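Here is a set of short exercises to work through with the structure open beside you. Try each task yourself before you read the solution.

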Amino acid sequence: MVRNPVRTLFAALLATLLGAAPAFGADKVKIGFITTLSGPAGGIGKDMKQSVELAVEHLGGKMAGLPIEVIFGDDQRKPDVGVQLARQMIKRDKVDFVSGIIWSNIMLAVAPVVTGEGVIMVGTNAGPHQLAGEMCNKRFFTTSWQNDSTPEAMGKHLQDLGLNDVYLIAPNYAAGKDMLTGFKRYFKGRIAAEVYTKLGQQDYQAELSQLRAKNPKAVFVFLPGGMGIQFLKQYSQAGLRGQIPLYSVYTVDELSLPAVRHAALGQFETRYWSPDLDVPANKKFVSAYKKKYGTLPSFYGAQSYDGIMLINSAVVAVKGNLKDQKGMIAAMEKANYPSTRGKYSYNVNHFPIQNYYLLKAVTGPDGPAGIPVMQIQETVFKNHKDSYYKKCKMK
Amino acid sequence: MNATLVVEQVLNGLQFGVMLFLMAAGLTLVFGIMNLVNLAHGSMYMVGAYLAVAATQWTGSYIAGIALALLGTLAVGVITEVVALRSLYERDHLDQVLATFGLILIFNELIAIVWGRAALFSDIPQALSGHIELFTNLRYPVYRLAIIVVGLLVALLLWYVVSRTRLGMLIRAGASNRTMVSALGVNIRLLYTAVFGFGAALAGLAGLMAGPIYAVQPGMGELILIQVFVVIVIGGIGSIRGALAGAVIVGMVDTMGRAFLKPLLGVLISPTAAESAGPALASMLIYLLMAVVLALRPEGLFPARGH
């Protein structure tokens, strides 16, 4: 591109003049977005980053006339790195919002730092119960869910089916136990066994042999990431698919489906969102994402897209006056933006009150050998509130 | 707990053990002969899995996948040895750990650049899918049986090469006294490169067999590597016999622990205590075993002679 030197000079002059006059107010909306971009979980971070970039593109790169600048940070899945990034974004880059975060342990470390510095935090995945309860904060919002709500929905669904002898499997760490606790909060039937496996376990053959010997009526698992891919393949290879129905949370999604394919067919999950959710904002998001990146977005992406849209609604409400934090918080509490999940509202703890659906992995457009897609079967919870908001004393 | 279930779990343990053996064989040779701590051994496993998946996709033939994965990891192993590891033999173990850890990062990122960070799809070949009825009430996946058979064949082949051939004699001599072997006019450099490449190909074999049952993704090698180190410590560093024994022991102990420890503890102590202690103890079991072996026989169960 050939630049016109006169125009460049003029622009530089103008920039200097503007820079010298901060009294005009903020010249940009700066958002620090922290996620995991390296390591095995880097795929999740990539999906979130792409969705954020798509949201900025859909906003025309501006919020209330101010240009948007998103600074991405890779937390390497480490809480200390996450905190460092947040501090750096606030002190050095002077961001107006911090957003993102996949993991609950990182969120628990970062959120108090951000809100303590007087900056608004918009979580777009992790929803640890502490932040929904006693650690709730007026500057903290999330566009995702409280961790327990999704397994609660699955517990409710299996309870509604009147099932007994359900076999539970989860990794032996905090979130694994929370998921099963959430499930049992709504499922009151008989539990055949509760099995905790090693975190990051590769081979489930021993567990599957035990499972077959117990002959349960249904299996409920929480095995995120690579663990889920391994478990589903082995479940199908053990000939259990089609014999014992398999229900799960956070185990099958648009990121793992391309790797699991036919071994996931017939899988049930509960979720607050699905690519086939019939909402105009969702259709726009999903089709644009598919066109731009060639794959379907996952719920991680949808939440991150929503995060940027939520921030936009706040900036627009205060007409770009980023100093008016009170006004922005009040605007965000209204959740007045076209969310990919459809209309929802915020509870007193700034966690969404929203629907949860039962999803099933069905044959996709490329046939049985291709990548399956998630399809909504029914609504399990309507306007579900999380189980911790009563502990929240918002100050 | 019935007999069929026990037999099935024994097969599971054996299959896991065999997988560990393929990894451990290469690692223990490299460690024993070249005195090199190679953390990047798991990367060869990952490279094997990726090459097999990629070649199967390109050509549509599983056999081509196997061939490319084996030759590819052999080549990658040789190149790695010549380019990066040669200069490390005389350095102390800490330098080697640092350098090979760096290699892990390089391999993981290279794989992520070429194939992306998301897990790849890989499926069991048609001929090996399905189940076989071993006896009444025991149907076992054909693919898992195939892994056991391949693993045991490789063990047999390795035993033959190491104890019956000239190359094996040099390998054993190298493990006992490197300086003497080289003083006797053997090109020790070439031997090292060959052993390293061969070890890498074995890891590649484990990787290509692991692909259809595990998640093929960057960093998959590190998940299995720690257990492999446990195997060679238990078996005795530098000894193929030790690697086989250690692998089968670790495979069995781990599998049996996961399957039967909780019900067993439930009988001994209260069921509620077993509920929380069982899974925790089961995942520690192989490390406890390693600690016991280290305390009683620091050289391992079947140490290579001459150390």
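The exercises below concern a predicted model, and each is followed by a worked solution.

**Exercise 1. Overall build of chain A**

Task: Describe the secondary structure of chain A, and decide how its radius of gyration fits with that of a compact globule of 395 residues.

Solution. Begin with the inventory: chain A holds 13 helices and 14 strands. Next, take the dimensions, where the C-alpha trace covers about 80 × 50 × 35 Å along its principal axes. For 395 residues a compact globule would have a radius of gyration near 21 Å, and the 22 Å of chain A agrees with that. Then turn to the interior: 53% of the residues in chain A are buried. Finally, consider the contacts in chain A between residues at least 6 apart in sequence; 72% of them join residues at least 24 apart.

**Exercise 2. The two domains of chain A**

Task: Locate the domains of chain A and characterise the side of domain 1 that touches domain 2.

Solution. The assignment gives domain 1 as 28-145 + 278-346 and domain 2 as 149-271 + 356-384. Their centres, taken over C-alpha atoms, are separated by 28 Å. Across the boundary, 11 residues of domain 1 are in contact with nine residues of domain 2. On the domain 1 side, α2(A) gives the most, with three residues. By class, that side has seven nonpolar, three polar and one charged residues.

**Exercise 3. A six-stranded sheet**

Task: Work out the strand order of the open six-stranded sheet in chain A, then find which strands stand at its edges.

Solution. The order is β2-β3-β1-β4-β5-β6, and the pairing is mixed. In chain A, β2 (62-63) and β6 (140-142) each have a single partner strand, so one side of each is left without a neighbour in the sheet. Now look at one pair inside the sheet: β1 (residues 29-35) and β3 (residues 66-74) of chain A run parallel and are joined by seven bridges. To place the register, note that A:I34 has A:G73 in β3(A) as its bridge partner. Last comes the helix that packs on this sheet, α4 (residues 104-116) of chain A, which touches β1, β4 (97-100), β5 (120-123) and β6. The direction of α4(A) makes about 155 degrees with that of β5(A).

**Exercise 4. Where chain A meets chain B**

Task: Which helices of chain A each supply at least two residues of the side that touches chain B?

Solution. Start with the count of participants: 30 residues of chain A are in contact with 30 residues of chain B. The helices in question are α2 (42-58), α8 (205-214), α9 (226-237) and α10 (257-260) of chain A. By class, this side of chain A has nine nonpolar, 15 polar and six charged residues. One of these helices deserves a closer look: in α8(A), seven of the 10 residues are buried. The buried residues run through A:Q205, A:A206, A:E207, A:L208, A:S209, A:Q210 and A:L211. After α8(A) comes A:N215, with a positive phi near 50 degrees.

**Exercise 5. Chain B and its hairpin**

Task: Give the secondary structure pattern of chain B, and describe how its two strands pair.

Solution. Chain B has 11 helices and two strands, in the pattern α-α-α-α-β-β-α-α-α-α-α-α-α along the sequence. Its radius of gyration is 20 Å, close to the 19 Å from the globule rule for 307 residues, so chain B is as compact as a globular protein of that length. The strands β1 (residues 131-135) and β2 (residues 138-141) of chain B pair in the antiparallel sense over four bridges. Within this pair, B:H131 is bridged to B:P141 of β2(B). Two residues lie between the strands of the hairpin, where B:N137 takes a positive phi near 70 degrees.

**Exercise 6. One residue in context**

Task: Is B:L20 buried or exposed, and which residues does B:L20 contact beyond its neighbours within four places in sequence?

Solution. First place the residue: B:L20 is found in helix α1 (residues 3-34) of chain B. B:L20 counts as buried because it has 28 C-beta neighbours inside 10 Å, where the cut-off is 20 or more. Its contacts beyond those neighbours are B:Q227, B:V228, B:V231, B:A247, B:V250 and B:G251. As a last step, check a distance: the C-alpha atoms of B:L20 and B:L225 are separated by 8.8 Å, with their positions 205 residues apart along the chain.

Technical notes
Residues are numbered from 1 along each chain as its sequence is written. Chains are lettered from A and ligands numbered from 1 in the order in which they are written. This is a predicted model: local features need pLDDT of at least 70, side-chain atom pairs count only at pLDDT 80 or more; totals for chains, interfaces and linings use all residues. Two strands pair if DSSP finds at least two bridges between them. The radius of gyration is taken over C-alpha atoms; the globule rule is 2.2 Å times the number of residues to the power 0.38. A residue is buried if 20 or more other C-beta atoms lie within 10 Å of its own, exposed if 12 or fewer, and partly exposed in between; C-beta atoms are placed from the backbone. Two residues are in contact if their C-beta atoms, placed from the backbone, lie within 7 Å. Ala, Val, Leu, Ile, Met, Phe, Trp, Tyr, Cys and Pro count as nonpolar, Asp, Glu, Lys and Arg as charged, and the others, Gly among them, as polar. Domain bounds come from an automatic or database domain assignment. Axes are lines fitted to C-alpha atoms, for helices over the stretch in contact, and angles run from 0 to 180 degrees between N-to-C directions.
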